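Student: I would like to learn how to read a protein model step by step. Could you take me through one, giving the general idea before the particular case?

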Amino acid sequence: MFEQLWQTWVKALTEPKVETYDNEKPRAAMDKAIIGFMIAGVVAGITSALWSFVGGHFVAGIMSIILSPILAIVGMYVFTYVMMFVAK
């Protein structure tokens, strides 16, 4: 599953055409999107935590590891609903 998710990301970034997204549409699923955003949130949280630890802010580092994946998913839902509202 992770390999397919990675290939989808790479294809979307290297071939941003309508045909690319049309070809991926049948394989699109909410669980894959949530996993992808969770991975991105974990990576962002770890990166932010490392910078916080270097600066001596240990509590901020721990909080960023915990909150980044959650906020990534919440942000995805908020952005999706805003875009759906604007598109109508």
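Tutor: We will go through helix packing, then one helix in detail, and then some single residues. Please keep in mind throughout that this is a predicted model.

Student: How are two packed helices described in general, and at what angle do helix 1 and helix 3 pack here?

Tutor: Two packed helices are described by the angle between their axes and by the distance between those axes. In this model, helix 1, which covers residues 2-14, packs with helix 3, residues 30-54, at an angle of about 80°, and their axes are 11 Å apart. Angles of 65 to 115 degrees count as roughly perpendicular, and therefore helix 1 and helix 3 are roughly perpendicular to each other. On the side of helix 1 the contact is made by F2, Q4, L5 and W9, while helix 3 contributes K32, I35, G36 and I39. Sorted by class, this contact of helix 1 with helix 3 has five nonpolar residues, two polar ones and one charged one.

Student: What span should helix 3 have, and how far apart are its end C-alpha atoms?

Tutor: Helix 3 has 25 residues, and at 1.5 Å a residue these should span 36 Å; the end C-alpha atoms of helix 3 are 36 Å apart, so the two values agree. Just after helix 3 comes G56, which takes a positive phi of about 85°.

Student: Which residues of helix 3 are buried, and against what do they pack?

Tutor: The general idea is that an α-helix has 3.6 residues a turn, so residues three or four places apart point the same way. In helix 3 the buried residues are K32, G36, G41, G45, A49 and S52. These buried residues of helix 3 pack against helix 1 and also against helix 4, which covers 58-87.

Student: Let us turn to a single residue: is S64 buried or exposed, and what does its side chain reach?

Tutor: S64 has its place in helix 4. Buried means under 20% relative accessible area, and S64, with a value of 10%, is therefore buried. The side chain of S64 reaches the backbone oxygen of G61 at 2.8 Å, and it also reaches the backbone oxygen of G45 at 3.4 Å. If we leave aside the neighbours within four places in sequence, S64 is in contact with G45, S48, A49 and P69. Two of these partners, G45 and A49, appear among the buried residues of helix 3.

Student: Are F2, W6 and W51 buried or exposed?

Tutor: Exposed means over 50% relative accessible area. F2, which lies in helix 1, counts as exposed because its relative accessibility is 55%. W6 also lies in helix 1, and its relative accessible area of 54% makes W6 exposed. W51, which lies in helix 3, counts as exposed at 65% relative accessibility. Leaving aside neighbours within four places in sequence, F2 is nevertheless in contact with I35 and I39.

Student: What of V42, and how far is V42 from P69 in space?

Tutor: V42 lies in helix 3 and is partly exposed, with a relative accessible area of 37%. The C-alpha atoms of V42 and P69 are separated by 5.3 Å, although these residues are 27 residues apart along the chain.

Student: Where can I see how separation along the chain and distance in space go together for W6 and A60, or for F2 and K32?

Tutor: You can set the pairs side by side: W6 and A60 are 54 residues apart along the chain, with their C-alpha atoms separated by 30 Å. F2 and K32 are 30 residues apart in sequence and 9.0 Å apart in space, C-alpha to C-alpha. For W51 and G61, ten residues apart along the chain, the C-alpha atoms are separated by 7.7 Å.

Definitions and conventions
Residues numbered from 1 in each chain as written. Predicted model: local features only at pLDDT ≥ 70, side-chain atom pairs only at ≥ 80, totals over all residues. Heavy atoms only, no water. Axes fitted to C-alpha atoms, helices over the stretch in contact; angles between N-to-C directions. Helix = DSSP H or I, 4+ residues; strand = E, 2+ residues; numbered from the N terminus. Parallel < 35°, antiparallel > 145°, perpendicular 65-115°, else oblique. Contact = heavy atoms within 4.5 Å. Nonpolar A, V, L, I, M, F, W, Y, C, P; charged D, E, K, R; others polar. Expected span 1.5 Å × (residues − 1). Buried < 20%, exposed > 50% of the residue type's maximum accessible area, 1.4 Å probe, protein only. Polar contact = N/O pair within 3.5 Å; in protein donor to acceptor, adjacent residues only side chain to side chain.
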